[in-house]
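This report describes selected features of a single protein chain for a reader at the bench. Please keep the sequence and the model in view while reading.

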Amino acid sequence: MSLEKDRLSTSQMIILGLFTLIGDMALIYPSIMSAGAHEDGWIAALISIPLGLATVKLMLSAANIDSNKTIIELSLQILGKWVGGAVALSYLFFFLIAASTYVREIEDFMCTQIYEGTPSGVIGFMAIVLLVYGLRLGLETLGRAAQIFFPLFAVFLICLLVLLFPDVRLERIYPMLNTPFPDMLHTIMYGVFYPFGELCVFFMVYPYVQKQSNTSRDIFIALFIGALALNLILFLSLTVLGAYFSEHNFYAAYILAQRINIANFLQRLEALMATAWIISTYFKTALYFYAFVLGTAQLLKLKTYRPLIFPVAFLIYGLSHLIAKDMIFYIKEVPAYWVDWNFTYAFVFPLLMIIVYHIRKRAGQIM
């Protein structure tokens, strides 16, 4: 018996996927990619797109082993009680830490860039209240809300990108192809598994999508467009701010928005960037929150996940302050390990499940 009665349409899942792909990446992607490849960051990002889509294809193949089961249920079915249980717990741990990290990112961004005199705990608490409210209303309501907010998000993002083109200076991305091969390879891995790897949260959502014959095609088209938008933000950051400032400004895209000035009239539009970022990061955080409570309920064989929402909210609020003593710590220390997590949950475990499934199916152990 399924714990989740709500259903998402394909379009709702795709919009949530775009929010997850772009999410917090809209602000931090330029600094991540330019830190490794400098002026060649945009080249590494372009190479990352087909590799990222191949990773999504792998995840879809794993999810389609049984499209009505989440990754928690698939792990137990394919890998067995002990190994599958360990893999399921590992996914749950990642969902919890990721949700806590995104709440912390919202806190730090709002308190350092917009509400500078506001205690971070207040912003974090407000975010948690909104997340709890969204989850209490259910998955279908989240999907419908995403449909409502997506046009606003898209208009803000497109306006910001278009208005920045007058400030583009192509000489800022020279010299090209000057990055050592190991650094370029490392940056490409960041470009693949940072944005695309975090789509592993849809292992918990995909079973509740009303699938159609063209669902997979629509997913790839939408993610390709989303990846191009991310890469365009990176390219504009490199050509407007330069590689040095893109690398050393953690919120490079927000700084970009501050640079918009059309005839000394149209300016100070960074609030639009902040609004677009908060909208996308909210839905991304809500999905990870949802994935953790649903997965925990499935692992513990509960009848519903709803009683877990409030206690998990307090857990996320506490962890958001425990994961790092300050913003500098998780800017400098966390990324190197986070990309390994994304690689594990988006590539290693799905590939392992596909291999074990086909071996067991050939041996007649799984029908």
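Helix H9 (residues 215-240) contributes the most to a nonpolar surface patch, with four residues. Helices here are DSSP runs of H or I with at least four residues, strands being runs of E with at least two, both numbered from the N terminus. The model is predicted, so that local features need pLDDT of at least 70 and side-chain atom pairs count only at pLDDT 80 or more, whereas totals for chains, interfaces and linings use all residues. Residues are numbered from 1 along each chain as its sequence is written, and side-chain values use heavy atoms, with hydrogens and water left out.

**Helix H9 and its surroundings**

The patch is made by Leu-46, Ile-221, Phe-224, Ile-225 and Leu-228 and covers about 440 Å². Patches consist of residues with over 30% relative accessible area and no salt bridge; like charges are joined within 9 Å, and nonpolar side chains (Val, Leu, Ile, Met, Phe, Trp, Tyr) within 5 Å. Accessible areas come from the Shrake-Rupley method with a 1.4 Å probe, and for residues only the protein chains shown count as cover. One member of the patch, Phe-224, lies in helix H9 and is partly exposed at 38% relative accessibility. In this report, buried means under 20% relative accessible area, exposed means over 50%, and partly exposed lies in between (1.4 Å probe, protein chains only).

Ile-219 is also placed in helix H9, but counts as buried because its relative accessibility is 10%. Leaving aside residues up to four places away in sequence, Ile-219 touches Met-13, Ile-14, Val-56 and Leu-60, a contact being heavy atoms within 4.5 Å. Ile-219 and Leu-18 are 201 residues apart along the chain, yet their C-alpha atoms are separated by 9.4 Å.

The helix itself has 26 residues and reaches 37 Å from its first C-alpha to its last, close to the expected 38 Å at 1.5 Å a residue. That expected span is 1.5 Å times one less than the number of residues. Gly-242 follows H9 and has a positive phi, near 95°. The C-alpha atoms of Gly-242 and Glu-171 are 9.1 Å apart in space, with their positions 71 residues apart in sequence. Glu-171 is placed in the loop between H7 and H8 and is exposed, with a relative accessible area of 51%.

**Salt bridges**

Side chains of opposite charge can pair when their charged atoms come close. The structure holds five salt bridges, each defined as a side-chain nitrogen of Lys or Arg within 4 Å of a carboxyl oxygen of Asp or Glu. The table includes three of them.

| Pair | N to O distance |
|---|---|
| Asp-66 and Lys-69 | 3.9 Å |
| Arg-144 and Glu-140 | 2.7 Å |
| Lys-284 and Glu-198 | 2.3 Å |

In the first row, Asp-66 is partly exposed at 22% relative accessibility, and Lys-69 is partly exposed with a relative accessible area of 29%.

Arg-144 and Glu-140 both belong to helix H7 (residues 139-164), four residues apart, or about one turn of the helix. An α-helix has 3.6 residues a turn, so residues three or four places apart point the same way. Arg-144 is partly exposed, with a relative accessible area of 48%, and Glu-140 is partly exposed at 26%.

What is the burial state of Lys-284 and Glu-198? Both are buried, and for Lys-284 the relative accessible area is 0%. The side chains of Lys-284 and Glu-198 meet in a salt bridge. This pair links distant parts of the chain, 86 residues apart: Lys-284 is in helix H12 (residues 270-299), and Glu-198 is in the loop between helix H8 (181-193) and helix H9. Not counting residues up to four places away in sequence, Lys-284 touches Phe-19, Thr-20, Gly-23, Asp-24, Tyr-102 and Glu-198.

**Positive phi in loops**

Most residues other than glycine have a negative phi, and most peptide bonds are trans. Leu-177, a residue other than glycine, has a positive phi near 50°. Leu-177 is found in the loop between H7 and H8 and counts as exposed at 65% relative accessibility. Lys-301 is not a glycine either, and its phi is positive at about 60°. The place of Lys-301 is the loop between H12 and helix H13 (309-322), where Lys-301 is exposed with a relative accessible area of 69%.
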